[in-house]
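Biologist: Could we go through this structure together, slowly enough for someone in a first year of study?
Modeller: Gladly; here it is.

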Amino acid sequence: MTASSAPSVPQPASPGAAPKPGPRPGPKPGPPKPAVPRQATAAGAGKPAAGKPAKPGKSAPAAAPRVTLLAATADNVFDVADDAVDALLEAGAEPGSILVLTTGGAHPWQQHEETFGATQYWRQYDEGKDVFYASLPASRPLRRTTLVVVVNGFVDEATAGQTLKAALTAGASVTVCGDIERVRALTGLA
């Protein structure tokens with residue numbers, strides 16, 4: 001290595017002068033967090049269809065979403081979903097990363113927010129600063145990191161399974177609240 005190609009090391013300007021502060025190494029990372037066990041998996045969820053290449057510029061998801069099933073009845077499904085949202089927030093999820101999707105009628109909070117008009121309602125989704133509530137089928141594509149799916153009936157029973165399977169792929173972590181046996185029958189979740 002020649003002197004001209006050797007790395008330059010800053011030296012004090014004169015003997016006894018204090019060195020100038022420079023970049024310091026950051027804190028060392030702690031031990032890795034243990035992986036969260038997968039409660040249920042959707043057959044093929046999150047995987048590209050066989051024989052179809054991924055669209056240019058978009059990478060295929062690394063794995064199927066992590067799915068958690070929470071038992072709920074028609075009478076308490078919104079309460080169970082609200083408790084799930086609270087638990088996610090308490091666990092450190094950012095409010096803007098959470099999307100609550102209903103498969104039947106709208107969540108009461110969605111109904112409230114829609115009274116301010118469609119423009120204001122969708123602006124909240126676009127801004128991504130708070131938990132967003134929407135009904136399926138939605139008028140536009142919806143995706144966030146963390147989903148809470150409220151199975152409270154279906155607008156069209158003939159497409160119930162398709163609607164629910166699509167919801168399961170709209171996030172990396174999905175909590176499904178509803179009749180667990182029906183959810184399993186419609187989606188193939190184990």
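**Pocket, helices and a central strand**

Biologist: Which class of residue, nonpolar, polar or charged, is the most frequent in the lining of the largest pocket?
Modeller: The lining of the largest pocket has three charged and four polar residues, and the other class counts twelve, which is nonpolar. Here Ala, Val, Leu, Ile, Met, Phe, Trp, Tyr, Cys and Pro count as nonpolar, Asp, Glu, Lys and Arg as charged, and the others, Gly among them, as polar. This is a predicted model, in which local features need pLDDT of at least 70 and side-chain atom pairs count only at pLDDT 80 or more, while totals for chains, interfaces and linings use all residues. Residues are numbered from 1 along each chain as its sequence is written, and side-chain values use heavy atoms, with hydrogens and water left out; the class asked for is nonpolar.

Biologist: Which helix gives the most to the lining of the largest pocket?
Modeller: A pocket is an open set of points on a 1 Å grid over the protein atoms alone, where a 1.4 Å probe fits, with protein on both sides within 12 Å along at least five of seven lines, and lining residues have an atom within 4 Å of a point. The largest pocket is lined by 19 residues, and among those nearest its centre are Ala-166 and Ala-167. With three residues, the helix that gives the most to this lining is α4 (residues 160–168).

Biologist: How many helices and how many strands are there in the protein chain?
Modeller: Helices (H or I, at least four residues) and strands (E, at least two) are DSSP runs, numbered from the N terminus. From that end on, the elements run β-α-β-α-α-β-β-α-β-α. The count is five helices and five strands.

Biologist: Why do the buried residues of α1 lie on the same side of the helix?
Modeller: Buried means under 20% relative accessible area, exposed over 50% and partly exposed in between, with a 1.4 Å probe and protein chains only. In α1 (residues 77–90), the buried residues are Val-77, Val-80, Ala-81, Ala-84, Val-85 and Leu-88. They are on the same side because the directions from the helix axis to their C-beta atoms cover an arc of only 140 degrees.

Biologist: Which residues on the other side of α1 are exposed?
Modeller: The buried residues of α1 pack against β1 (66–71), β2 (98–102), β4 (146–150) and β5 (173–178). On the other side of α1, the exposed residues are Asp-83 and Glu-90.

Biologist: Is Leu-147 buried or exposed?
Modeller: Leu-147 lies in strand β4, and contact means heavy atoms within 4.5 Å. Leaving aside its neighbours within four places in sequence, Leu-147 is in contact with several residues, including Leu-99, Ala-167 and Val-174. Its relative accessible area is 0%, so Leu-147 is buried.

Biologist: How far apart in space are Leu-147 and Ser-173?
Modeller: Leu-147 is in contact with Ser-173, although the two are 26 residues apart in sequence. From C-alpha to C-alpha, their distance is 6.2 Å.

Biologist: Which peptide bond is cis?
Modeller: Pro-137 lies in the loop between β3 (132–135) and β4. With omega near -5 degrees, the cis bond is the one from Leu-136 to Pro-137.

Definitions and conventions: The expected span of a helix is 1.5 Å times one less than its number of residues.
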